[in-house]
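Here are a few notes to go with the model you sent round. Have it open while you read.

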Amino acid sequence: MIQGLTALTELVGVNFTAGFYVFLRVGAVMALLPGFGERMVPTRVKLVLALAFTLVTAPAIVPILPDVPLDNLFAEGGTEVVIGLALGATLRLFVMALSIAGSIAAQSVSLAQILGGQAIDPQPAIGHVMVLAGLTLAVMSGLHVKVAQLIIYSYELLPPGRWPEASDFLSWGVERTAKAFALGFTLAAPFVIMSLIYNLALGVINRAMPQLMVSFVGAPAITAGGLIVLALSTPFVLQVWLSVMDAFLADPTGAAR
């Protein structure tokens, strides 16, 4: 009986060590993960979600983990935390792209100052609506399953216990940041085009009738037009955004070009 308990204790210890090693990467990803890692989500809920993701992904990851001595677990665990934070940060860039698109749209339709400080992260009302709608759509589309697959695939892409090459990490991060800004500008294109047409028409009217205060006449028009464009374009904008994020989740190294 004592021998059986000893063997069981050793087995539990090995599995606990491997599970904690997986938790280091998963917990770092969850800290920045869109939807699940938002600042509005309580810390205890984030911890439970990180444990749940660890339990889901660990059976596929533990067989490929190297043997990590318990006394060297925290030293080698630093690599897992860095890799997890890098993966979470690249996913967080997609939320930043929506925020950028919302800020550009709000500036284009003169709604940048309305309800700008009501959210946890101060941003215009249009940006807040787009971010919340995008996160809701992503979660409803199975974000948790795609992220679990990404975490499992990341162990093949970035082997555990090995520091990634700094030059590769730098180029990857710069590329993802540039694409996030480009995506934000692309998503805001309908509002920029409408603002351009509005200002051209306003200039023509002002040249034709210099006595008319066209700015006072046109202000309600640009606001109403911005709200109409928001209602009509948001479904298509979010579909484009979700397809780009899904492409990245499927292939983090070469998708979403």
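**Notes on the model**

1. The protein exposes about 14,000 Å² (Shrake-Rupley, 1.4 Å probe), and carbon and sulfur atoms supply 71% of that area. Bear in mind that this is a predicted model: local features need pLDDT of at least 70 and side-chain atom pairs count only at pLDDT 80 or more, while totals for chains, interfaces and linings use all residues. Residues are numbered from 1 along each chain as its sequence is written, and side-chain values use heavy atoms, with hydrogens and water left out.

2. On secondary structure, the protein has 8 helices and 0 strands (DSSP runs: H or I of at least four residues for helices, E of at least two for strands). Buried residues (under 20% relative accessible area, 1.4 Å probe, protein chains only) make up 41% of the 257.

3. Take contacts (heavy atoms within 4.5 Å) between residues at least 6 apart in sequence: 82% of them join residues at least 24 apart.

4. Now one helix pair. The axes (lines fitted to C-alpha atoms over the stretch in contact) of H2 (residues 43–61) and H5 (residues 143–157) come within 10 Å and cross at roughly 40°. H2 and H5 are therefore oblique to each other (neither under 35 degrees, nor 65 to 115, nor over 145).

5. Who makes that contact? From H2, Phe 53, Thr 57, Ala 60 and Ile 61; from H5, His 144, Val 147, Ala 148, Ile 151, Ile 152 and Tyr 155. By class, 8 of these residues are nonpolar, 2 are polar and none is charged.

Methods: Buried < 20%, exposed > 50% of the residue type's maximum accessible area, 1.4 Å probe, protein only. Axes fitted to C-alpha atoms, helices over the stretch in contact; angles between N-to-C directions. Nonpolar A, V, L, I, M, F, W, Y, C, P; charged D, E, K, R; others polar.
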